[in-house]
Amino acid sequence: MSAPLSAGDGMDSGNLYGVGVGPGDPELMTLKAVRRISASPVIGYFAARGRPSNARRIAEDLITEHHRELRFDYPVTVECLAPTQSYEQMLLGCYDEAAARVEEELLAGHDVAVLCEGDPLFYGSYMYLHNRLADRFTAKVIPGISSLTAGSAAIGRPLACGDELLSVLSGVMSADDLKTSLVACDAAVIIKLGRNLVKVKSVIESVGLLDRAYYVERATSAAEICSPLADADIASAPYFSMVVIPSAVAGLR
Ligand SMILES: C[S@@+](CC[C@H](N)C(=O)[O-])C[C@H]1O[C@@H](n2cnc3c(N)ncnc32)[C@H](O)[C@@H]1O
């Protein structure tokens, strides 16, 4: 059996592109992202099993019958795991499998554009493909407008100014860690809310920041929702939502 081809074996490998498609509004894709998606024969994207991909939805007007699509399904969390399995292990397996599918295309000489909601390297799944493939193939990143700046635009408040310290926190953090981080910064964005919203809200209230905090859902999309966090009376937030605690002083100068 012949050895698998790799870059430099006489056949030109394709290039890998991590393409940021922005936070939701298709008009917020960069010109470079639009050009790259249109020019790439293969389009990849991650999605929750059984659900449409948000990144693909943002770019859908650019995807034609001339593109081949590689959909990478995340493992489902509610599946019963064997005692020896963890969700983290399953995720690693999912990334390995996705990287192997992309590698096959690259070795065949096809360029692959992997769509990523927001920016590919800002908490984006593309990074797991980049980490697995960039040492053997040409891999380029096209940055995108991230949800962070989409959130502050949605509430119309400066996120941070001057010497202020801005923290990006995760709703998955423990209440104690969230509290410590919030008192140590001047402004914050809390992503990955889901069922953690109740905990996040109560921590924000406990450190006296509730009157400055906003809840933002699906920023920049047609379904955008934006309200003071105090008025967001929901037990569980959808995946594409965040809390923004903007600068305390920027509006005063
Ligand atoms: C894994 S991170 C991906 C961030 C993305 N790469 C970016 O640059 O914005 C996903 C989290 O970002 C936040 N998020 C992404 N897009 C959003 C949007 N349009 N509106 C509100 N939150 C968003 C949510 O908190 C979500 O749980």
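Analyst: A polar contact is a pair of N or O atoms within 3.5 Å of each other. The model discussed here is predicted, and this definition can be applied first to its ligand.

User: What makes the pair formed by R218 and the ligand a polar contact?

Analyst: A backbone N or O atom of R218 lies 3.5 Å from a nitrogen atom of the ligand. The limit is within 3.5 Å, so this pair counts as a polar contact. A219 also offers a backbone N or O atom, placed 2.9 Å from a nitrogen atom of the ligand. In S241, a polar backbone atom is 2.6 Å from an oxygen atom of the ligand. Both of these distances are within 3.5 Å, so these pairs are polar contacts as well. As for cover, the ligand on its own has 560 Å² of accessible area, and the protein covers 96% of that area.

User: Which residues come nearest to the ligand, and of what kinds are the residues of its shell?

Analyst: There are 17 residues around the ligand, and those that come nearest are E117, D119, F122, S147 and S241. By kind, the shell consists of nine nonpolar, four polar and four charged residues.

User: How do you know where the ligand lies relative to domain 1 and domain 2?

Analyst: The shell around the ligand receives residues from domain 1 (16–145) and also from domain 2 (148–252). Because both domains contribute, the ligand lies between them.

User: Where is A219 placed in the chain, and why is A219 called buried?

Analyst: A219 is located in the loop between β8 (214–217) and β9 (225–228). Its relative accessible area is 10%. Buried means under 20%, so A219 is buried. The C-alpha atom of A219 is 6.0 Å from that of G151, although 68 residues separate the two along the chain.

User: Why is the pair of F46 and Y95 called edge-to-face?

Analyst: This is a question about aromatic pairs, of which the structure holds six. The ring centres of F46 and Y95 are 5.7 Å apart, and their planes stand at 75 degrees. Rings pair if their centres lie within 6.5 Å, and planes over 60 degrees apart count as edge-to-face, so both conditions are met. The pair links distant parts of the chain, as F46 is in strand β2 (residues 42–48) and Y95 is in helix α3 (residues 87–107), 49 residues apart. F46 has a relative accessible area of 9% and Y95 one of 7%. Both values are under 20%, so each residue is buried.

User: What makes the pair of Y95 and Y128 stacked?

Analyst: The rings of Y95 and Y128 have their centres 4.1 Å apart and their planes at 10 degrees. Planes under 30 degrees apart count as stacked, so that name applies to this pair. Here too, distant parts of the chain are linked: Y95 belongs to helix α3, Y128 to helix α4 (residues 126–133), and they are 33 residues apart. One aromatic cluster is formed by F46, F72, Y74, Y95 and Y128.

User: Why is Y128 called partly exposed?

Analyst: The relative accessible area of Y128 is 30%. Buried means under 20% and exposed means over 50%, so a value in between is partly exposed.

User: What makes the phi values of Y123 and K192 worth a remark?

Analyst: Most residues other than glycine have a negative phi. Phi of Y123, however, is near 55 degrees, a positive value in a residue other than glycine. K192 likewise is not a glycine, yet has a positive phi of about 55 degrees. Y123 lies in the loop between β4 (112–116) and α4, and K192 in the loop between β7 (187–191) and α7 (197–206). The relative accessible area is 46% for Y123 and 36% for K192. These values fall between 20% and 50%, so both residues are partly exposed.

User: How do you know whether P228 is buried or exposed?

Analyst: P228, found in strand β9, has a relative accessible area of 38%. This is neither under 20% nor over 50%, so P228 is partly exposed. Its C-alpha atom is separated by 33 Å from that of A33, which is 195 residues away along the chain.

User: How many helices and strands does the protein have, and what share of its residues count as buried?

Analyst: The protein has seven helices and 10 strands. Of its 253 residues, 43% count as buried. The C-alpha trace spans about 65 × 50 × 35 Å along its principal axes.

Key. Residues are numbered from 1 along each chain as its sequence is written. This is a predicted model: local features need pLDDT of at least 70, side-chain atom pairs count only at pLDDT 80 or more; totals for chains, interfaces and linings use all residues. Side-chain values use heavy atoms; hydrogens and water are left out. A residue is near a molecule or strand if one of its heavy atoms lies within 4 Å of it. A polar contact is a pair of N or O atoms within 3.5 Å; within protein, one must be able to donate a hydrogen and the other to accept it, and residues adjacent in sequence count only if both atoms are side-chain atoms. Accessible areas come from the Shrake-Rupley method with a 1.4 Å probe; for residues, only the protein chains shown count as cover. Ala, Val, Leu, Ile, Met, Phe, Trp, Tyr, Cys and Pro count as nonpolar, Asp, Glu, Lys and Arg as charged, and the others, Gly among them, as polar. Domain bounds come from an automatic or database domain assignment. Helices (H or I, at least four residues) and strands (E, at least two) are DSSP runs, numbered from the N terminus. Buried means under 20% relative accessible area, exposed over 50%, partly exposed in between (1.4 Å probe, protein chains only).
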